[in-house]
Amino acid sequence: MEAAKILTRSIVCFLFAGNSLISTAQTSEPEEWEDAYQKALNMRAGGDLFGAIESLNNILNSRPTSHRARLELAVSYYRAARYEDAKEHAQKVLSDSSTPANVRETIELFLDQVAAIKAADDQARHRFSGSIGIGAGHDDNVNVGPSQDTFDINGSEFRVLSGGKVQSDAYASINIRGEHTYRMAGSVGIGERPVQMLWQSNAAVYRKEYQDEHAYTTDVVSLSTGPAWISRTNWRAAVNLQTDYIRLGDDALALYTSLNPSYTLIVGDNEYNFRGQWMYREFMTDNNTDREGDRFGLGFDFLHRFTSTLTFQTGINAYNQDARVDNQSFDAFEGYASLYWLSWSNGAIYAQANYEETDYDGEEILFNTGRREREQRYVLGMTHNFNEGRMEGWGIGARLAFTDTHANIDIYEYDRTEFNIDLTRRF
C-alpha cells in the first residue's frame with residue numbers, strides 16, 4: 001500500500017516534469033500537434049485509455065522526439081498494467097542526453113516504482129483456493145418412485161412392484177474442490193478500458209453415499225478450464241470447457257462434456273447474465289445408451305441488489321436434448337427466482353423456487369403417447385461462516401428441498417423431500 005502511494009506521488013511529479021521539459025526544450029509546436037496531444041489527454045481522463053494510447057503513438061510516429069508525448073504514453077501504459085511498455089518509453093526519455101537532471105531523477109524514481117509494482121504483480125499471478133465439505137441428510141424418495149401404487153396402461157390397471165415403490169434412506173456426503181486462477185500479465189484493449197485476462201481451472205470430487213440403498217450412491221468427478229475477461233468498467237465474460245464423470249452404485253454411468261460461454265453486464269445495482277451451453281452426454285451402461293446425444297441451451301439471469309444485505313435473482317433457460325431414440329429426445333424450459341438475505345453477521349438465509357417443463361419427442365413405449373412433465377422445486381437454506389474461535393475458517397449450512405413432479409403418464413409422477421446439513425472448510 002505504501003509503495004502504491006509513493007508511486008502515485010511519483011506520477012504526479014513525473015507529469016509535471018514532463019510539462020516543464022516540453023516548455024524548455026520544445027517551446028513552439030504546431031497547433032494541430034497541440035490539438036492532438038490535448039485530445040489524447042482528454043480521452044484518457046474520460047476513461048478511453050486505449051484510445052489515448054493509440055493517439056499518443058500516432059503523435060510519436062510523426063514526432064518521435066516529442067518527450068512530452070512519450071512521457072504521457074509511459075504513464076498511460078502504466079495505468080493499463082503494461083509495465084514493460086511503460087518502462088520502454090520512460091527509458092527512452094531517460095537515455096536522451098538533453099533531458100534535464102531534475103526530469104531524469106523523477107523518471108528514475110518512476111522506473112524503480114514500476115519495477116517494484118511489476119515484481120509484486122508477478123508474484124501474485126497464481127492464486128490457489130479450495131474447500132472440503134462433509135454432510136449428512138435424509139432423502140424420502142431415493143429411487144424417484146412414483147407417487148401412486150397403481151397406474152393405467154391402455155385401460156388396464158398395473159401395480160408398482162415393491163422394488164419400484166418409494167424408498168427412503170439416510171446418506172452421508174463429501175465434497176472436495178480445488179481452484180486455480182492464473183492472471184495474465186498486462187491487459188488487453190477490448191473497448192475503452194483495460195481488460196484483465198484470466199485462466200481459471202477447477203477440479204471437484206463429490207460423493208453421496210446412501211446408508212441402505214447403495215445402488216443409488218452417486219459419485220461425480222468434475223474438471224473445468226478456460227479463459228475469462230474482467231473489464232475495469234462494468235462487464236465480465238468467460239468460456240468454460242467442462243467434463244463430468246458420473247458413477248451410480250458400483251458402475252460408471254456417464255461422461256458429460258460441455259462448453260459454456262457467458263457474458264455479464266453490470267449496471268448499477270443490477271447484473272444481466274447471458275449464457276449458452278453445448279453438451280454431449282455419453283452413457284456407459286447398455287440400458288442408457290439410447291439417451292446419448294447433444295444438448296444446446298441458452299439462458300439469461302437477472303440479479304438486483306435491493307440493499308447490501310438483500311439480493312434477488314431470477315433466470316430462464318431453454319434447451320434441446322438430442323438422443324438416439326425419439327422418446328429420449330426432449331425440449332425443456334425452466335425458470336427460477338431466489339432471495340439471498342445476509343440476515344446476521346457472517347450468516348445468511350436463502351430461498352429459491354424452480355419451475356421446469358419437459359416435452360419428449362416420439363411416443364412412450366406401452367403408453368402410446370408422448371411424455372410431458374412439469375416439475376416444481378422449492379429450496380430453503382441457511383449458511384453461517386465462523387471467523388473466530390476453534391471453528392474459524394469453517395462454515396455450516398442446512399438445506400431443505402421439496403420436488404413435486406406432474407406428468408401426463410402416471411408412473412412418472414413423484415414427490416421428493418431432501419434435508420441435509422454440511423460443514424465446509426475453505427482454504
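## A tour from one valine to a pocket and two helix pairs

Begin by selecting valine 220, which, once its neighbours within four places in sequence are left aside, is in contact with Ala204, Val205, Tyr206, Tyr245 and Ile246. Bear in mind throughout that the model on your screen is predicted. Valine 220 is found in strand S7, and if you add leucine 255 to the selection you will have two residues that are 35 apart in sequence and 9.7 Å apart in space, taken from C-alpha to C-alpha.

Next, turn to the second largest pocket, where about 220 Å³ of space lies. Which residues should be selected to find its centre? Of the 14 residues that line the second largest pocket, Gln200, Arg236, Ala237, Ala238 and Ser262 lie nearest its centre. Colouring by strand is helpful here, since strand S6 (194–210), strand S7 (218–231), strand S8 (235–248), strand S9 (251–267) and strand S10 (270–283) each supply at least two residues of the lining. The largest share, four residues, comes from S8, and by class the lining of this pocket has six nonpolar, six polar and two charged residues.

Now move to the helices, selecting helix H2 (residues 31–45) together with helix H4 (residues 67–79), whose axes come within 12 Å and cross at roughly 15°. Because the angle is under 35 degrees, H2 counts as roughly parallel to H4. The crossing of H2 and H4 is left-handed. To see where the two meet, show the side chains of Trp33, Glu34, Tyr37, Leu41 and Arg44 in H2, and those of Arg68, Ala69, Glu72, Val75, Ser76 and Arg79 in H4. By class, this contact of H2 with H4 has five nonpolar, one polar and five charged residues.

For the last stop, select helix H5 (residues 83–95) and helix H6 (residues 101–123), which pack at an angle of about 165° with their axes 10 Å apart. Are these helices roughly parallel or roughly antiparallel? The angle is over 145 degrees, and therefore H5 is roughly antiparallel to H6. H5 passes H6 in a left-handed crossing. On the H5 side the contact is made by Tyr83, Glu84, Lys87, Ala90, Gln91, Val93 and Leu94, while H6 contributes Arg104, Ile107, Glu108, Phe110, Leu111, Val114, Ile117, Lys118 and Asp121. Coloured by class, the contact of H5 with H6 shows nine nonpolar, one polar and six charged residues.

Methods
Residues are numbered from 1 along each chain as its sequence is written. This is a predicted model: local features need pLDDT of at least 70, side-chain atom pairs count only at pLDDT 80 or more; totals for chains, interfaces and linings use all residues. Side-chain values use heavy atoms; hydrogens and water are left out. On a 1 Å grid over the protein atoms alone, a cavity is a set of points where a 1.4 Å probe fits but cannot get out, and a pocket is an open set with protein on both sides within 12 Å along at least five of seven lines; lining residues have an atom within 4 Å of a point. Grid points are joined across faces, edges and corners, and a volume is the space filled by probe spheres set on the points. Ala, Val, Leu, Ile, Met, Phe, Trp, Tyr, Cys and Pro count as nonpolar, Asp, Glu, Lys and Arg as charged, and the others, Gly among them, as polar. Axes are lines fitted to C-alpha atoms, for helices over the stretch in contact, and angles run from 0 to 180 degrees between N-to-C directions. Angles under 35 degrees count as roughly parallel, over 145 as roughly antiparallel, 65 to 115 as roughly perpendicular and the rest as oblique. A crossing is left-handed if the near helix is turned anticlockwise from the far one by less than a right angle, and right-handed if clockwise. Contact means heavy atoms within 4.5 Å.
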